[in-house]
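Colleague: Could you walk me through this model and tell me how you arrive at the words you use for it?

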Amino acid sequence: MSLAWKVTVTVILFAVAAAAAVVLIVNLLGSPPTVDFSADSSGQVNVTLQTVGTYGSGSHPTWVSYLVQSPDGQWVHTTLFQVPQHMRINVTIYQYDSGSPLRNQQVGMVQGTLGGVATLNGKVFHVINSNAGNGVGHTFSIPSLGINVPLYANNPNANLCAAAPCSTSSPHNIVQFSFVSPGPGDYPWQCFVPCGLGYLYGNAGPMQTVGYMDGFMKVV
Ligand SMILES: [Cu+2]
């Protein structure tokens, strides 16, 4: 093979690899929509989320996911939401998934919320012993704000919702808590239960993907 051929082949292979890399990056960066919440007349912000064990459609139908309910009541497949700064945020999470005992008991503790508490189906709790009952399905955690709330799981033998958006006719737990939003910025939030079934130690796939088990709270 002549030098010119080697150079040509090298250049072509490089161009193909570069094009593939661009396609991959564009796919990875193609981010889901942001749901915008503003304060209601009482000066508080109500954010409603749900978790589902399998999203049921789209590019990853088997993946576990969060969804965000827009203020007009529509469920949006995203983990990006926007709230005003220095405002009381009331979070309601409809948890439709099963769970397991936690590897890290620390994330079974409620931390960083107003009063240091959350409610599970209306009852105040501080910690979930994940080795009892149904275990923990997911957490809602904003590490930079010290916020962590475990979501008690549903009975895995119940007829659980397997396609989002789930409705309250399916078995669910309702977890509620409040916190005060900080100053402007993008605050990453995520689940700390390794719930990426079928991935190494459960920590890849949906656990590393915005729109599933990772997101951003945008404070403006
Ligand atoms: Cu999770």
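Modeller: Gladly! Buried residues make up 42% of the 220 residues in the chain. Please keep in mind that this is a predicted model.

Colleague: What makes a residue count as buried?

Modeller: The relative accessible area has to be under 20%. In this chain of 220 residues, 42% meet that test.

Colleague: Which elements does the chain have, and how do they run from the N terminus?

Modeller: There is 1 helix, along with 13 strands. The order begins with α, and β elements follow. The C-alpha trace spans about 75 × 40 × 30 Å along its principal axes.

Colleague: Where is L13 placed?

Modeller: L13 sits in helix α1, which covers residues 3-29.

Colleague: Why is L13 called exposed?

Modeller: Its relative accessible area is 56%, and exposed means over 50%. The value for L13 passes that cut-off, so L13 is exposed.

Colleague: Which residues form the nonpolar patch on the surface?

Modeller: L13 is one of them, together with M1, W5 and V9. The patch has about 490 Å² of accessible area. As for the chain, about 11200 Å² is exposed, and carbon and sulfur atoms supply 60% of that.

Colleague: What share of the contacts with a separation of 6 or more comes from residues 24 or more positions apart?

Modeller: Such residues account for 71% of those contacts.

Colleague: And how many charged side chains are there?

Modeller: The chain has 5 positive side chains and 6 negative ones, and the centres of the two sets are 13 Å apart.

Methods. Residues numbered from 1 in each chain as written. Predicted model: local features only at pLDDT ≥ 70, side-chain atom pairs only at ≥ 80, totals over all residues. Heavy atoms only, no water. Helix = DSSP H or I, 4+ residues; strand = E, 2+ residues; numbered from the N terminus. Buried < 20%, exposed > 50% of the residue type's maximum accessible area, 1.4 Å probe, protein only. Contact = heavy atoms within 4.5 Å. Areas by Shrake-Rupley, 256 points an atom, 1.4 Å probe, with all protein chains shown as cover. Lys, Arg positive; Asp, Glu negative; His and termini not counted. Charge placed at Lys NZ, Arg CZ, Asp CG, Glu CD. Patch = residues over 30% accessible without salt bridge, like charges linked within 9 Å, V, L, I, M, F, W, Y side chains within 5 Å. Salt bridge = Lys/Arg side-chain N within 4 Å of Asp/Glu carboxyl O.
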